[in-house]
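Welcome! Take a moment to turn the model around before reading on, and keep the sequence at hand as we walk through it together.

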Amino acid sequence: MIKEVKIKDEKDLYKFYKKIPLYRSLFYKNITFTHNENKLKIKEIIDVLNIKNRKKRLLYIFDTACRQIDDNCKYKNICGFKNGICINHQKLKKDYKNGCCRWCLYQSTKGCTTQNLTCKLFNCTEVEKRCKMLTFEDINVLKLLTRRQKAIVKSNYFTKKESYINDLYIGSFVIWEIKQIFRFIKIFVNINILKKSFK
């Protein structure tokens, strides 16, 4: 009985990527994955497959992807903020504070109070002109998500980290859509309360 899957070279790597949906399944729950770290840049994918608890696996994928995006943006003012106004709104002569995050319940003057992978992956055209940003396809560990989970990652804005991980864990698009409706109602109500308080 197979107890280990080892990826030794580029040929193995090609086969490995094709079999990822199978490797995620229960059939490989007791299998250990190894690789030749010197030649192949798949350490994080191997680490994910060796985490057998589904929720912990999703948390590792989420945290790794967020860390890679943060490392890519480290020490860069990618949004070109001046006095809390992003470069896009400066050009449009708008005085919106916190740019794209202005609608979010988790914004603060010090940045995001939670972590959201979808928000981190979003970049307006002004940011894309200024910096080379990571896309969904650039982040290897995201290949380990199911098709439904990938769809959730691409559109799960303004969600707290704990809820985000639960959305991925449940993996139901219908339940996620219902939750999204309630989240946007909450945002809409919050915006109206803020508008009234400034009158």
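Let us begin with a pair of rings. In this predicted model, Y28 and F33 are both buried. A search of the whole structure turns up eight aromatic pairs, and Y28 with F33 is one of them: the two ring centres are 6.2 Å apart, with 35° between the planes, and the pair is tilted. Why is this pair called tilted? Planes under 30 degrees apart would count as stacked and those over 60 as edge-to-face, so an angle of 35° falls into the remaining group. Now widen the view a little. Ring pairs link Y28 and F33 with F16, Y17 and Y23 into a cluster.

F33 also leads us to the strands. This residue belongs to β2, which covers residues 32–35. Which way do the side chains of β2 point? They alternate: F33 and H35 point to one face and are buried, while T32 and T34 point to the other face and are not buried. The strand β1, residues 4–7, shows an alternation too, with V5 and I7 buried on one face and E4 and K6, which are not buried, on the other. Such a pattern has a general background: in a regular strand, side chains alternate between the two faces of the sheet.

The two strands are also partners. β1 and β2 run parallel and are joined by four bridges. You can trace this pairing residue by residue: E4 has T32 as its bridge partner in β2, and V5 stands opposite F33. So that you can place F33 in one picture, recall that this residue is buried, belongs to the ring cluster and faces V5 across the strands.

Next, step back to the whole chain. How many helices and strands does the chain have? There are ten helices and two strands, and along the sequence they follow the pattern β-α-α-β-α-α-α-α-α-α-α-α. The C-alpha trace spans about 70 × 35 × 20 Å along its principal axes. Of the 199 residues in the chain, 35% are buried.

With the overall layout in mind, we can look for pockets. The largest pocket has a volume of about 1100 Å³. It is lined by 39 residues, and I78, C79, F81, C101 and C112 are the closest to its centre. Several helices take part: α4 (54–73), α5 (87–91), α6 (117–121) and α7 (125–130) each give at least two residues to this lining. By character, the lining of the largest pocket divides into 19 nonpolar, 14 polar and six charged residues.

The second largest pocket holds about 390 Å³ of space. Among the 20 residues that line it, those closest to the centre are R24, S25, R54, R57 and T146. Here α2 (20–23), α4, α8 (147–153) and α9 (161–170) each supply at least two lining residues, and the largest share, four residues, comes from α4. The lining of the second largest pocket comprises ten nonpolar, four polar and six charged residues. Notice that α4 contributes to the lining of the largest pocket and to that of the second largest pocket.

Finally, look for places where a charge meets a ring. The charged end of K55 sits over the ring of Y169, 5.2 Å from the ring centre. In another such contact, the charged end of K154 sits over the ring of F136, at 4.7 Å from its centre.

Note on methods: Residues numbered from 1 in each chain as written. Predicted model: local features only at pLDDT ≥ 70, side-chain atom pairs only at ≥ 80, totals over all residues. Heavy atoms only, no water. Phe/Tyr/Trp six-rings, centres within 6.5 Å; stacked < 30°, edge-to-face > 60°. Buried < 20%, exposed > 50% of the residue type's maximum accessible area, 1.4 Å probe, protein only. Lys NZ or Arg CZ within 6 Å of the ring centre and 35° of its normal. 1 Å grid on protein atoms, 1.4 Å probe; cavity = no way out; pocket = protein on both sides within 12 Å on 5 of 7 lines; lining within 4 Å. Points joined across faces, edges and corners; volume = space filled by probe spheres on them. Nonpolar A, V, L, I, M, F, W, Y, C, P; charged D, E, K, R; others polar. Pairing = 2+ DSSP bridges.
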